[in-house]
Structure formats: C-alpha cells, structure tokens
Amino acid sequence: MKVTSRKPPVDETTHDAMRDTNHNLTAHSAQVTPLLADDVPRSPDLAVAAVRPASILIRRTLLYFFVVTSLLVVAVIAGIAVGSTQVAPGVVVRVLLSKILPVGWVSIAGVSEPQQIVVWLIRTPRVIVAALVGAALAIAGAQMQGLFKNPLASPDIVGTSAGGALGAVLALATGLAARSLFYLPLFSFVGAFIALFGVYIIASRHGRTPVATLLLAGVALTSLIGAANSFLITATWVRFDVAQEITFWLLGGLDNRTWEHVFVALPCVIVGACVSLIYTRDLDLLLAGEEVAASLGVEVERVKRIVLTSAALLTGASVAVSGGIGFVGLVVPHVVRLCLGPAHRRLIPASALTGAAFLVGADLLARTLLRPEEIRLGIITAAFGAPFFIYLLLRHRREVGYV
Amino acid sequence: MKLELHEAGIQIDGCWLVRDATIELAAQSLTALVGPNGSGKTTLMRLLGGLWSASAGDVMLDDKSIRSYKRVDLARRIAFTPQDTHLGFAFTVRDVVGMGRHPHLGRFERESERDRAAIYHAMQRADVLHLAERLVTQLSGGERQRVVIARALATEADALLLDEPVANLDIGHALDILELCRELAREGKTILIALHDLNLAARYADEIVLMSQNRILAAGASAQVLSDDHIARVFGVHTTRTHTPTGETSLHFHRRPPSTQNL
C-alpha cells in the first residue's frame, strides 16, 4: 500500500505527524509488522517519555509492595509468637531459620522441646495456611471482579465457595471427615468444581458464556446449595455435635491446622496464582468489554474458562482448608485497586500479598481478642472487612467506578 | 488491505440479524454505514471484524476467509471501537490506549520503545496526549470517544470499524471525530463508520452503505444511495433538499409530506 499525502503540509508539525504515520503504514503493509528500532519515528525522547507509565505510580507500587511485605513478615512472626504459650520473636525466627536453612547454620540450642513443637508443628502451619488462604481468596476475588467487570464481585460469586462448602458439609455429615484428614478437602474440591461446572453449563449457549448469565446462574446455584447446607445442619439424622461442627466449619476457621493442610493447599495456590499472573493483560482488556477484548486479539471464551478454573482452584483450596471465610476476596482487591489502580499486573500480586497479610493478622486477632476464647476467623474478617469497606466506599465514592 | 462480505449472513435462534450482505470496503476510504435502529449495522460490523462468525456466506480479508486468520492476526489488521465506550475501572488514558498494543505483544513481553512510539502517535493523532495521565472514568463522552479511537489507532491496523462514534456527542465534537476519520482515510486507513446523521454521512463519507431490515439495500456514492426514494422506503420519512451557500446539499426530513409553499 502506497500512501501519499494529498494535502499540502499545513505547518511543520502536521507535516511531521503525517510523514510519521505514513512511515508506519508502509512498514505495516509488509504484513508481519517488522517493527524494528530504525522504524521508530524520530520523535524526541521526551515525547515518547510522555507516554511512559507514570514514575509516581512505579514508586507508589514499590512502596506498596515494601510496606505490605513488611507487614506480612511482622504478622507471620507475631502470629507464631503470640498465643497461650508466648514465644519470644527471636526464638520464633531462630526456630524457623533452623528448619528452613541447612542443618547447623542456625543453632537452636536453648530452645525447649515444647517451644519448638509449638512454633514448628502448631503455629507455623496455621499461619502458613492463613497466608495461603488470604492470598488465594484475594487473587480469586481480583479475577472475578475483572471477569465480571464489577468491583463488588467476590470469589464465591460463581458458586465455588458454596459448592466447596457443600462438599465439606457432606464429608462431615457422613462421618468421612472424621476418618481421614484428606476427605474433607477432597470433597470440598470436588464440590467447588462441580458447582463451577454446573454454573458454566447453565450459562453457556452457542459456545458463548455471557458473564451476566454466569453471575445469575452462580447466584441461583449458591442459594440452592445454601439450602442443602442448611438442610444438612438441621436434619435430625445428623448428630447434634456434628451439626455444630458443620456450623463452626461454615463460619471459617484455622484451628488445628497442620502441615497436611499446608500441603493440600500449597500446590493449588501456586498453580492458581501462576495462571492468574499469566492472564493479567487479558483481564485488563476484558474490563473494556468482551468485544473490544476480542477485537484486540483476546480469545475471550478461552480466557474466561481459564480464569474461572484458576479462581475455582484457589477458592476450592481455601474452602478446603479453612471453611467459609468471607470478605477477603471482596475487600482486598478493592483496597489495592484504590491504591495502585486497576491494572491486573500490579493488582494480582499486590492483592495476594495484602490478602496474606490481612488473614494472618485477622487470625492473630481471632486468637487474642477474647483470650482464652477463640473467635471464629470468618467473624473477624467480616467484622473488620465490612466496616473498612464501607469507609472506603464513602471516602472514594466518586472515584470508584461502577458498571 | 481488502475487506469484503460475500453473501454473508448471521442467524441466531432462527432469526437473521444480517442476511445476504455483499460489500467490499474500498481501501483507503471512508465508508458510512447508515440505516434505522435494529437494521443490522452493529451486526455487520461484528461480521466484518470477525467478532461473530458468519452462518452463511463468508467474510474475506485480502482474498482469504477471515476464519483462516488467528484472532491476534485479525487484531493487527482490523480495529474496532464499540458503541458503548464506558469503562467502569479507573485506568489512565495512556493505559487504555496502550491496550491497543496487545496483539503485538507476546504473553510475557513488556512494551518496547516501538510500542511506546505507536502509543504516542496514536494519542497524538486522536488529540488525547494532554489527557494521558487522566482517568478514563473522569472523561467526557467526546474525550472518551477520542481515547477509544486512539486505542484502535495504536493497533496500527489498516481497517477501522467504528460503531456510532458520534452518537452521543455534540455537533462540535462530532465534527472533530469525523474530520479525524476523513484524515485517517486519506492517510491510508480503510474506515467503516456507523452513523445516524445522514447529512454527516453524505458530507464526510466517500461511500455509503444503506441497510434496511437486516439487508444491504444500496451501496455506493451518496447521491445514489441517499435518494428520496430510498430514504422514504427505509426510514419512512419525506426528504427535501436545500443548497447551502457553501455549495453543499442539506437534507431535511419530514414525517408527513411537506407543503411546498414553505420552502
């Protein structure tokens, strides 16, 4: 394609602009876009710098990551140190390092056997599970909010949490959960995926799955599963203590978490998180609308399936090891978005860290606020998450865009 | 760049949204797509952009079926801007325009200087450079329209499909957008633009495609396509014409036959 400017140059700048554009076009007509450095129009560096991502944002992002990582480290150490038996933070660090680093690098002479057990076998797995669940729910929340173009979406919106809960409730009600530690997470996973699959099938038609239908199907299935859960709690053939255990479990908690729970959740969270990081730009584009995303080269339906699956993996993993913990997936991505903007390449990793720090902190509060009594973690996250969320809404009312 | 429809149609739930459409978008020109609401304009754009696949006939890009292209390759050739430009999330204008580089970037690739230059020129062309750091949620309708056009330009695609880009704009901003489209066509882009205003279509477009009841009724120069007869059949209105001092023809529309004494 040969392009000639039919209009005489009006002035120097338009002339330049036109020549530059022509330049691009001729290069482009070669089809495969051989866009090499020498093709870069001779625009002054300053001009191109003008469209560089704002340096303020980069600095703010670095600061955010630094602050949240520090908070996470502090929360983890405090979470391991504080409890019915207090352990000095220095001891916590030493025990952790001695376990992680090669034998002999860090000496734990002088740390009593019971203290080592408390730190390494009781509190560390609990704190790690909290961090994993927090990160998983926050990532899944960010993904759902992106996919549904709605800042009020949360990981449970497509029925995965409810499905996971039903699986777990079934495991508890049938007594299988009491036999092996792995039954409950397994049932919970299966439940989460069956629920997602059901919602997806209901919402799909002619190879397309409109997110609005997906959302409605999710809401419908969630209430249906909720009814099943309530039935199982109240049914007379379920023993009263089992029913109470179910209720407790539904409220979400991290008591008696062991390394087994860590190993159940860890692979799923790692896989889910990696997948979520691969599809960050696609999620950005989906926010601009599915047609726009498709016109910019996104395989919309495929990305939807992948994102839903990874979110279900993350939600399923967290429901499996911690029960129903609300508000993390809703509030955390929202807070991060207010600080760092909506771009998912920043949002998702920042949400993961923030969610982890938030949940480790919340679990610490749950254990310490009414000592020796323990408050259910789900109550803490809702009690702190909801007011904070309302505060954010009031403060940023104008900035929070709604669909 | 050659983009054409061959007896293309699309059927959903037994209902033809577009039927037997055959057109060839003239390269390096501005084509206006006009027709009443629901006549199939948006669907025709979706067909041409490969966003929906034809249930009959075919869409050809450079003599090859659009089906034989990969999604991302199409995205490098054909850019699309939707009717609804609303974006509920607080991206900066620069980030939104940057999305236009998606088809050129590998999954883990970061923007290169080349990409930044393309973004810069797209923003310059659509006159949104001064908005670079602003949030799209805070823009006016006219500014947002220019931003999505800049995003389409950033793809460096040869064909631009713009779905009613001036539908919600005041006349000044509407003219700005149409002037820009005309210039882009002169610089070599192939542009299809859905319009409601027949006067603007006649004034700016090199060719006009008139749709009625999900079919293409006529295509060609505005004088032939926008005849009194066509307009009466398609829109159900009567047309009178006046000639302006600047030598242009202006169309006026009436639901009932106008009394000639008043003219």
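What radius of gyration does chain B have, and why does this value agree with a compact globule? The structure discussed here is a predicted model. For a compact globule of 263 residues, a radius of gyration near 18 Å would be expected, and chain B has 19 Å, so the two values agree. Measured out along its principal axes, the C-alpha trace of chain B covers about 65 × 40 × 30 Å.

The make-up of chain B can be described in similar terms. Its secondary structure consists of 9 helices and 12 strands. Of the 263 residues in this chain, 50% are buried. Among contacts in chain B with a separation of 6 or more, 65% link residues that lie 24 or more positions apart.

Turning to chain A, a helix pair offers a handy local view. Two packed helices are described by the angle between their axes and the distance between the axes. Helix α5 (residues 113–147) of chain A and helix α12 (residues 280–287) of chain A have axes that come within 8 Å and cross at roughly 40°. On the α5(A) side, the residues in contact are Q143(A), G146(A) and L147(A), and they meet L283(A), L286(A) and L287(A) of α12(A). Sorted by class, this contact of α5(A) with α12(A) comprises 4 nonpolar and 2 polar residues, with no charged residues.

As for confidence, the model scores ipTM 0.91 and pTM 0.85. The average pLDDT of chain B is 91, and 98% of the residues score at least 70. Where pLDDT is low, the predicted coordinates should not be read in detail.

Key:
Residues are numbered from 1 along each chain as its sequence is written. Chains are lettered from A and ligands numbered from 1 in the order in which they are written. This is a predicted model: local features need pLDDT of at least 70, side-chain atom pairs count only at pLDDT 80 or more; totals for chains, interfaces and linings use all residues. Helices (H or I, at least four residues) and strands (E, at least two) are DSSP runs, numbered from the N terminus. The radius of gyration is taken over C-alpha atoms; the globule rule is 2.2 Å times the number of residues to the power 0.38. A residue is buried if 20 or more other C-beta atoms lie within 10 Å of its own, exposed if 12 or fewer, and partly exposed in between; C-beta atoms are placed from the backbone. Two residues are in contact if their C-beta atoms, placed from the backbone, lie within 7 Å. Axes are lines fitted to C-alpha atoms, for helices over the stretch in contact, and angles run from 0 to 180 degrees between N-to-C directions. Ala, Val, Leu, Ile, Met, Phe, Trp, Tyr, Cys and Pro count as nonpolar, Asp, Glu, Lys and Arg as charged, and the others, Gly among them, as polar. pLDDT is the predictor's confidence in each residue, from 0 to 100.
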